[in-house]
Amino acid sequence: MSSDPWGRVDEQGTVYVRTADGERVVGSWQAGSPEEALAYFERKYQGIEVEIGLLEKRVRTTDLAAKDAQAALEHLREQVTEGHAVGDLAALAQRLDALAGDIESRREERKAARAKAQDETRSAKEALVAEAEQLAESTQWREAGDRLRALVDTWKGLPRLDRKSDDELWHRFSHARSVFSKHRKSHFAALDAEREQARLTKEQLVSEAEALSSSTEWGDTAARYRDLMARWKAAGRAQRDVEDELWARFRGAQDVFFQARSAVFSERDAEQVGNQKLKEALAAEAEAILPITDLKAAKAALREVNERWEAIGHVPRDVRPKLDGRLNAVERAIREAEDSEWKRSNPEAKARAAGMVGLFQAKADKLRADLDKARAAGNAGKAAKLESELAGVQELLDQAHRGQEEFSG
């Protein structure tokens, strides 16, 4: 018979392992010496010990699922309690007990992490819904529309909540988008209706202007044209291409009339020379409006000049283009200033520029905060990445500021 501290082999070749509860048969050995039998079953023990070590490492250093870890633990526990091995089985059982505690701790940690992630997702989605509901009432159509599309992309990147919560939040989010789309559609439909009405009104004015172009009632017809011009200005703007075409026809009809009137009065050279001197003075008066410092005053002054200009009558044919050109140059300068003022004061463009500044400023502030945290934590790699991102966002912010400055003053 042969034995060691953890097992023995009797004369019949039966192999026993010693435990706190007494001896247990683990096998029999007939092919060699008792020492070889014990060595064999000790190697079985070592194999179990290695497997336990591997499982301990996986549980403590990898993301092994708790369910899989528990199954592996039960398999090893069965080998310890019922397996055919010789060694300190109690020590292995203690390691398995400790490992069971680790598995349960990891299970609870992951459960808590999942709960925290769900809470964070819920908070993120609730924030998206709240912002969408605010944007639903916005009249900054382009800016708000772009932001809502960005919110949708953000939503798609978030995990799902439980079905009931996720569906409720999505319903509110989708409803907010629908409300905004309905308001925007209604706004542009109204705008299109206004432009269409302007088109119809101006087409009627063009017809009237063209009908008057052959009139020889010089004074009355000139007054009619002034009335048509006032009505034209009060009609609002049609679509740009239509507006330009109708304006060309309207001015063309006026030109036909006034050119005909000029032809009739061409023999009144003496009077026209006097008219020329008056219009030259008016052209100089109009040119004195430039450069424009007060657009409203400039328009009023030019309007008053135009009224007197029209009242004077015709000038000699050969000087007319030059005189008209001088006055037209002032008119163009005022129109350009008016267009520039409109563009500069366009509330939608100003709001869009301000929105871009706000967007990039918020991004820059967040990156700075993250950068400070990375530096404080000594995370040089993350800090370098954040510095690069911040430089790019700062450049975009500077561009946004320059764009916003175009609307200041």
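This short talk walks through the nonpolar cores, one helix, one pocket and one unusual peptide bond of the structure shown above. Please keep in mind throughout that this is a predicted model.

Let me begin with the nonpolar cores. The largest of them has 25 residues, and within it Val15, Ile52, Leu55, Val59, Val80, Leu92 and Ile103 are the ones that touch the most other members. Strand β3 (14-19) and the helices α1 (34-61), α2 (66-82) and α3 (89-135) each contribute at least two residues to this core, and the largest share, eight residues, is supplied by α1. If we take Val80 as one of those well-connected members, and leave aside residues up to four places away in sequence, its contacts are Arg24, Ile48, Ile52, Leu89, Leu92, Ala93 and Leu96. Apart from this core there is another one, of 17 residues, which includes Leu135, Leu148, Val152 and Trp155.

Turning now to helix α7, how does its end-to-end distance agree with what 1.5 Å a residue should give? With 25 residues, running from 240 to 264, the helix should span 36 Å, and its end C-alpha atoms are indeed 36 Å apart, so the two values agree. The buried residues of α7 are Glu243, Leu246, Phe250, Ala253, Gln254, Phe257, Phe258, Arg261 and Ser262. As a general point, an α-helix has 3.6 residues a turn, so residues three or four places apart point the same way.

One residue on that list deserves a second look, namely Glu243, which lies in α7. Glu243 counts as buried because its relative accessible area is 7%, where the cut-off is under 20%. Once residues up to four places away in sequence are set aside, Glu243 touches Lys202, Trp232, Gly236, Arg237 and Ala238.

Next comes the second largest pocket, which has a volume of about 410 Å³. Its lining is made of 15 residues, and those lying nearest its centre are Glu143, Arg147, Gly355, Met356 and Leu359. Helices α4 (141-156) and α11 (347-376) each supply at least two residues of that lining. As for chemical character, the lining divides into six nonpolar, four polar and five charged residues.

Finally, a point about the backbone that anyone preparing this model for further calculation may wish to see. Where is Pro291 found? Pro291 sits in the loop between α8 (269-287) and α9 (295-312), and the peptide bond that joins Leu290 to Pro291 is cis, with an omega of about -5°.

Notes:
Residues are numbered from 1 along each chain as its sequence is written. This is a predicted model: local features need pLDDT of at least 70, side-chain atom pairs count only at pLDDT 80 or more; totals for chains, interfaces and linings use all residues. Side-chain values use heavy atoms; hydrogens and water are left out. Helices (H or I, at least four residues) and strands (E, at least two) are DSSP runs, numbered from the N terminus. The expected span of a helix is 1.5 Å times one less than its number of residues. Buried means under 20% relative accessible area, exposed over 50%, partly exposed in between (1.4 Å probe, protein chains only). On a 1 Å grid over the protein atoms alone, a cavity is a set of points where a 1.4 Å probe fits but cannot get out, and a pocket is an open set with protein on both sides within 12 Å along at least five of seven lines; lining residues have an atom within 4 Å of a point. Grid points are joined across faces, edges and corners, and a volume is the space filled by probe spheres set on the points. Ala, Val, Leu, Ile, Met, Phe, Trp, Tyr, Cys and Pro count as nonpolar, Asp, Glu, Lys and Arg as charged, and the others, Gly among them, as polar. Contact means heavy atoms within 4.5 Å. A nonpolar core is a set of buried Ala, Val, Leu, Ile, Met, Phe, Trp, Tyr and Cys residues joined through side-chain atoms within 4.5 Å.
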